[in-house]
Amino acid sequence: YTWPDPQLDELESLVYDQHGFNSRGILAGALDPCSRFNFGSTVNRSNVADWIRTAYHDMATHNVEDGTGGLDASIQFEQDRAENAGDGFFNSIRHLSLGITRYAGVADLIALGAKTAIEQCGGPKVPFRGGRVDATVPNNPGVPEPQQGLDSHIAAFARQGFTQTEMITLVACGHSFGGVQHSAFPDTVPLPDGVDDVSQTFDSTPFNFDNAIAFEYVHGTTNNPLIVGHNDTTNSDKRIFGSDGNATMASFAASPDLFKSTCGTLFARMLDTVPKDVQLTEVIEPLPVKPQTMLLTYMGDGTLKLSGQVRFWDTAESTSRSAKIVWADRAGKTDTSYTDVLSTNADMVASALNGGNFSVLWYNVGPIDKNFSVLEETAGISKFWFEIDEGDGSGVRTEDQNGVGFVLQDSVMLADSSCEITSSSGSSSNATIDIAVRADIQPSRVYIEYDLFNTAPSGGSYTTVNTTDAQPASGPSKRASSAYNIWTLQLSDSILTLSLPRTINIAVDAGDRKITTASFAPFSLLAGKQCK
Ligand code: HEM
């Protein structure tokens, strides 16, 4: 895709900004190490296993015939059903919902959680698409349970869109992680003396993806409670794995690579099983060069400040490299003076999932100690791009999205006269957000938009986009120019308390056009700049 695209930019960041500088924390941050469990001390439980099981149970209500159900976060309303025994769903959703925004809802975060867990903990690469739509009511029941017979399981997977061989595979892929808990399945897993609860694992490596689930089954060394459980009625993995004479499981026991690649395909199908009217995005690939939070600030002294950061994917640190940003003015023309350095330092490195075998390098726009470039207000900007010289004689490389450039509007932006008033105790702030609107725009409305995090009485989490309108500003501190007019609004910290993440964007409606800025965190941007 081409930058900027607010939804795809956010999804791309959730998928790829996982470790190191500018990492998001919510996903891979909770899987480090893979045995990490945020909700108690039951031996052998993990976030990894809970997130994968949550995605399967949410998807498992899908009906290929009528297109209902699928990965749509309806699991939020289905947790009192016997087929959803255990507290793993509640825990997973509580954590993953911290990441929701108007661009990615609970269902996308559930899918991202599973994808990240699988990849971070030794599993196959799972291509990711976004755009799932959160259900507001429960779906029809239909998650398979261990006491049900083989015919019932074959029928349930067929309803979900999977053949018998795919059923064997998907169960093995999922049960490469985690185990069965006594508290949720007391008839399947007995409680040893001296502990409150226990989880008996499906294989000897419950926190990492590998083919031990198949190897130990085929070689008769398994301790999987759904295979060697004392109560044969609940030995569903035994019936499922043996249902084709062990052919599929034997092939996985013999080849870790076959198991991994087959699981990659089926996990992706599992995550992309959605209600029929949902249109998923393209597969989110990392942008090789990705600007982030590129913001213009109206300085009121004839200049605009351009700040932001740029991520170079699969790029190692190099002392011989020089990199610069170049821009075109509002009229589309460039000039030898329309350029500045990009700068980086040793802290600005990141890496991909699973440790990654390559580096990701971030750069500041402008000198490292400034992190901005200065533009002429009268000239403005329409787009920018990057010129990289590796210093190895190969010449200058231009990164401009195949000639399109990185388009940036200069019609509306934050004004530098914005400031905050911190309460005497320092516990709350009120911000004055001043907004510069280009004088040749006739706005019908100037406002900010921010996501508010809500919890419905039924237990579901969702976001709403709230707005606060600005008014034309007056007074000497609001330095309008012939090129820009100033609008202003008040924003209280308490408004943003429920906002996750605490970011806003400025928007202008003009005619049938809506023009918006990138989102920014107002209070951290103002950073104690007190109103006079
Ligand atoms: C006939 C189909 C299936 C049955 C009967 C079944 C049954 C079970 C049971 C009884 C548990 C224990 C849950 C607990 O103690 O909280 C479990 C755990 C788990 N299941 Fe399945 N499962 C099936 C299919 C799948 C599939 C297709 C996946 C994913 C692709 C999956 C992923 C998991 C994971 C990751 C766990 C571990 C959870 C943890 O350790 O907290 N299961 N399953």
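1. The domain. According to UniProt, in an unreviewed entry, the "Plant heme peroxidase family profile" domain covers residues 44–213. Please keep in mind that what you are looking at is a predicted model. Across residues 44–213, helix makes up 36% of the chain and strand 4%. The C-alpha atoms at the two ends of that stretch are 15 Å apart.

2. The ligand shell. If you turn to the ligand, you will find 28 residues surrounding it, and the closest are A49, G86, P144, G174 and G178. At least two residues of the shell come from each of α2 (47–59), α6, β2 (179–181) and α8 (236–241). Of the contributors, α2 gives the most, with five residues. Sorted by class, the shell holds 14 nonpolar, 10 polar and four charged residues.

3. Helices α6 and α9. Here α6 spans residues 164–174 and α9 spans residues 247–254; their axes come within 9 Å and cross at roughly 45°. That angle makes α6 oblique to α9, and the crossing is right-handed. On the α6 side, T165, I168, T169 and A172 take part, and they meet T248, M249 and F252 of α9. The contact residues comprise four nonpolar and three polar ones, with no charged residue. It may help to recall while viewing this pair that α6 is also one of the elements supplying at least two residues to the ligand shell.

4. Helices α3 and α4. A second helix pair worth a look is α3 (residues 88–96) with α4 (residues 106–120), whose axes lie 10 Å apart at an angle of about 105°. The two helices are therefore roughly perpendicular to each other. From α3, the residues S92, I93 and L96 meet V106, L109, I110 and G113 of α4. Five nonpolar and two polar residues make up this contact, and no charged ones.

5. Cis peptide bonds. Most peptide bonds are trans, so two places in the backbone deserve your attention. W3 and P4 are joined by a cis peptide bond with omega of about 0°, and P4 sits in the segment before α1 (6–16). Another cis bond links D32 to P33, with omega of about 5°; P33 belongs to the loop between β1 (19–20) and α2.

6. An unusual phi. Which residue has a positive phi although it is not a glycine? That is N44, with phi at about 80°. Most residues other than glycine have a negative phi. N44 lies in the loop between β1 and α2, and the UniProt domain range of 44–213 begins at this position.

Note on methods:
Residues are numbered from 1 along each chain as its sequence is written. This is a predicted model: local features need pLDDT of at least 70, side-chain atom pairs count only at pLDDT 80 or more; totals for chains, interfaces and linings use all residues. UniProt positions are given in the numbering used here, feature names are shortened, and annotations may be inferred rather than shown by experiment. Axes are lines fitted to C-alpha atoms, for helices over the stretch in contact, and angles run from 0 to 180 degrees between N-to-C directions. Angles under 35 degrees count as roughly parallel, over 145 as roughly antiparallel, 65 to 115 as roughly perpendicular and the rest as oblique. A crossing is left-handed if the near helix is turned anticlockwise from the far one by less than a right angle, and right-handed if clockwise. Two residues are in contact if their C-beta atoms, placed from the backbone, lie within 7 Å. Ala, Val, Leu, Ile, Met, Phe, Trp, Tyr, Cys and Pro count as nonpolar, Asp, Glu, Lys and Arg as charged, and the others, Gly among them, as polar. A residue is near a molecule or strand if its C-beta atom, placed from the backbone, lies within 6 Å of it.
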